[in-house]
Amino acid sequence: MRKKQMIVRLLEEENEVLCMKAEEAQMSKAEYLRNVILYGAAHKTTYFSRENQRKIIMEMSRIGNNINQIARMANSTKTVNQDEIESIETAVYDLNDLILDFTSR
């Protein structure tokens with residue numbers, strides 16, 4: 001339980017900015033200020049949850065598997081299948097979308 005209370009005096013313009021930024025972050029003003037103090041920024045999810053971490057790790061693993069398959073194929077046949085390269089590109093785009101989705105919350 002938080003026991004310390006602080007009174008902060010703001011100009012009208014400063015208060016408007018605080019209200020707007022807290023609303024953008026979907027937080028109360030107090031929660032927003034605590035996040036700025038603790039983390040240097042205020043995001044609803046400052047750190048990835050375990051579920052988000054699991055999804056990102058799984059996606060990275062999938063990309064690694066695709067790269068290994070291409071490397072094995074290239075080493076054995078001395079050619080690379082365009083479909084395999086496109087599957088890696090797709091996986092990288094999917095991973096990028098996941099990360100952007102998690103960090104924009």
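**Surface charge and fold of the predicted chain**

On the surface, a patch of negative charge is formed by E12, E13, E14 and E16. The structure is a predicted model. One member of the patch, E13, is part of helix α1, which covers residues 12-24. The relative accessibility of E13 is 53%, so E13 is classed as exposed, the threshold for that class being over 50%.

The loop between α1 and α2 (29-39) contains Q26. The phi angle of Q26 is near 55°, a positive value in a residue that is not glycine. Most residues other than glycine have a negative phi. Q26 has a relative accessibility of 58% and therefore counts as exposed, again by the cut-off of over 50%.

At the level of the whole protein chain, the secondary structure consists of 4 helices and 0 strands. The order of elements along the sequence is α-α-α-α. The protein chain has 105 residues, of which 17% are buried. Its accessible surface amounts to about 8700 Å², and carbon and sulfur atoms account for 54% of that area. With respect to contacts in the protein chain, those between residues at least 6 apart in sequence were considered; 38% of these link residues at least 24 apart.

Definitions and conventions: Residues numbered from 1 in each chain as written. Predicted model: local features only at pLDDT ≥ 70, side-chain atom pairs only at ≥ 80, totals over all residues. Heavy atoms only, no water. Patch = residues over 30% accessible without salt bridge, like charges linked within 9 Å, V, L, I, M, F, W, Y side chains within 5 Å. Areas by Shrake-Rupley, 256 points an atom, 1.4 Å probe, with all protein chains shown as cover. Salt bridge = Lys/Arg side-chain N within 4 Å of Asp/Glu carboxyl O. Lys, Arg positive; Asp, Glu negative; His and termini not counted. Charge placed at Lys NZ, Arg CZ, Asp CG, Glu CD. Helix = DSSP H or I, 4+ residues; strand = E, 2+ residues; numbered from the N terminus. Buried < 20%, exposed > 50% of the residue type's maximum accessible area, 1.4 Å probe, protein only. Contact = heavy atoms within 4.5 Å.
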